[in-house]
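Open the model in your viewer and keep the selection tool at hand. We will go stop by stop.

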Amino acid sequence: MGIFSRFERVTHPPDDIAPPCTPEEVIEALLDLNGPDAPWTVRDGDPEEGADLVADWHCTDPVWRKYFHSATEDSVLQTRMRLMPDECQVRSLDYQWQLPATSMSRSVYTSGRGQLRWASVSWSRELGPDGKRRIKKKVEYDTADLKNHLRDTVLDMGWSWRARFSKL
């Protein structure tokens, strides 16, 4: 038991789900989340990433720039997943890198890992149905959109989802 294990969240599949699927079926189901209208890509992980699957957000893709307007051109947002077949569990860990926005900055960049949530919100003023002005909140993007799809797919396959805090 690690020092950060009390911060981890484990979500178990519902009791009415059939027996757990094979790891290959879980990988296939997660890769099926890819699509032309999705702002993410689920792919096989590289050996240096230490993950079986990686879900990348399309922050730098010109088609999705308006969706990720608050992310800089050098932002990397990803969720790494490792399958634990003995436990029928998928462990997830989020990573973020962001290079400085100005050329005057040194080569220092920000990074983070753990269970991160990134969201972009914009506000607008409008007239309500009663004729009074009000402020309306519009969420541009939220990483929970992807992480919820990943988690729900794993749970539908009869596996549990463990949100890790420090390492896979």
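The tour starts with the whole chain and then moves to single elements and residues.

**Before you start**

This is a predicted model, so local features need pLDDT of at least 70, side-chain atom pairs count only at pLDDT 80 or more, and totals for chains, interfaces and linings use all residues. Residues are numbered from 1 along each chain as its sequence is written, and side-chain values use heavy atoms, with hydrogens and water left out.

**Stop 1: the whole chain**

Show the cartoon. You should find two helices and nine strands. These are DSSP runs numbered from the N terminus: helices are H or I with at least four residues, strands are E with at least two. Trace the chain from the N terminus and the order reads β-α-β-β-β-β-β-β-β-α-β.

Now switch on the surface. The protein chain exposes about 10,600 Å², and carbon and sulfur atoms supply 52% of that area. Accessible areas come from the Shrake-Rupley method with a 1.4 Å probe; for residues, only the protein chains shown count as cover. Of the 168 residues, 37% count as buried. Buried means under 20% relative accessible area, exposed means over 50%, and partly exposed lies in between (1.4 Å probe, protein chains only).

How much of the contact set joins residues at least 24 apart? Among contacts between residues at least 6 apart in sequence, the share is 53%. A contact here means heavy atoms within 4.5 Å.

**Stop 2: the nonpolar core**

Select Leu30, Val42, Met81, Val90 and Leu150. These have the most contacts inside the largest nonpolar core, which holds 21 residues. Two or more core residues come from each of helix H1 (23–31), strands E2 (40–44), E3 (53–57) and E4 (75–84), helix H2 (144–156) and strand E9 (160–163). Such a core is a set of buried Ala, Val, Leu, Ile, Met, Phe, Trp, Tyr and Cys residues joined through side-chain atoms within 4.5 Å. In soluble globular proteins, nonpolar side chains tend to be buried together.

**Stop 3: helix H1**

Select H1 and show its side chains. Val26, Ala29 and Leu30 are buried. Look down the helix axis: the buried residues of H1 fall within an arc of 95 degrees, so they line one face. The arc is taken from the directions from the helix axis to the C-beta atoms.

**Stop 4: helix H2**

Move to H2. Its buried residues are Ala144, Leu146, Lys147, Leu150, Thr153, Val154 and Leu155. Check the length: at 1.5 Å a residue, its 13 residues should span 18 Å, and the end C-alpha atoms are 18 Å apart, which agrees. The expected span is 1.5 Å times one less than the number of residues.

Pick Thr153, which sits in H2. At 14% relative accessibility, Thr153 counts as buried. Which residues does Thr153 contact, leaving aside its neighbours within four places in sequence? They are Ala29, Leu30 and Leu33. Step past the helix to Gly158, which follows H2 and has a positive phi near 85 degrees.

**Stop 5: salt bridges**

Colour the charged side chains. A salt bridge is a side-chain nitrogen of Lys or Arg within 4 Å of a carboxyl oxygen of Asp or Glu. By this rule there are six.

- Select Asp94 and Lys147. Their closest N and O atoms are 2.5 Å apart. The pair links distant parts of the chain: Asp94 is in strand E5 (residues 89–98), Lys147 is in helix H2, and they are 53 residues apart. Both Asp94 and Lys147 are buried.
- Select Glu87 and Arg91. This salt bridge has its closest N and O atoms 3.6 Å apart. Glu87 is partly exposed at 44% relative accessibility, whereas Arg91 is buried at 14%.
- Select Arg134 and Glu126. Here the closest N and O atoms are 3.0 Å apart. Arg134 is partly exposed at 43% relative accessibility, and Glu126 is partly exposed at 24%.
- Select Arg43, Glu49 and Asp56. Salt bridges that share partners join these residues into one network.

**Stop 6: around strand E4**

Select Arg82, in strand E4. Arg82 is partly exposed, with a relative accessible area of 29%. Add Leu53: the two are 29 residues apart in sequence, yet 6.6 Å apart in space, C-alpha to C-alpha.

Finish at Cys88, in the loop between E4 and E5. Most residues other than glycine have a negative phi. Cys88 is not a glycine, but its phi is positive, about 50 degrees. Cys88 is partly exposed, with a relative accessible area of 23%.
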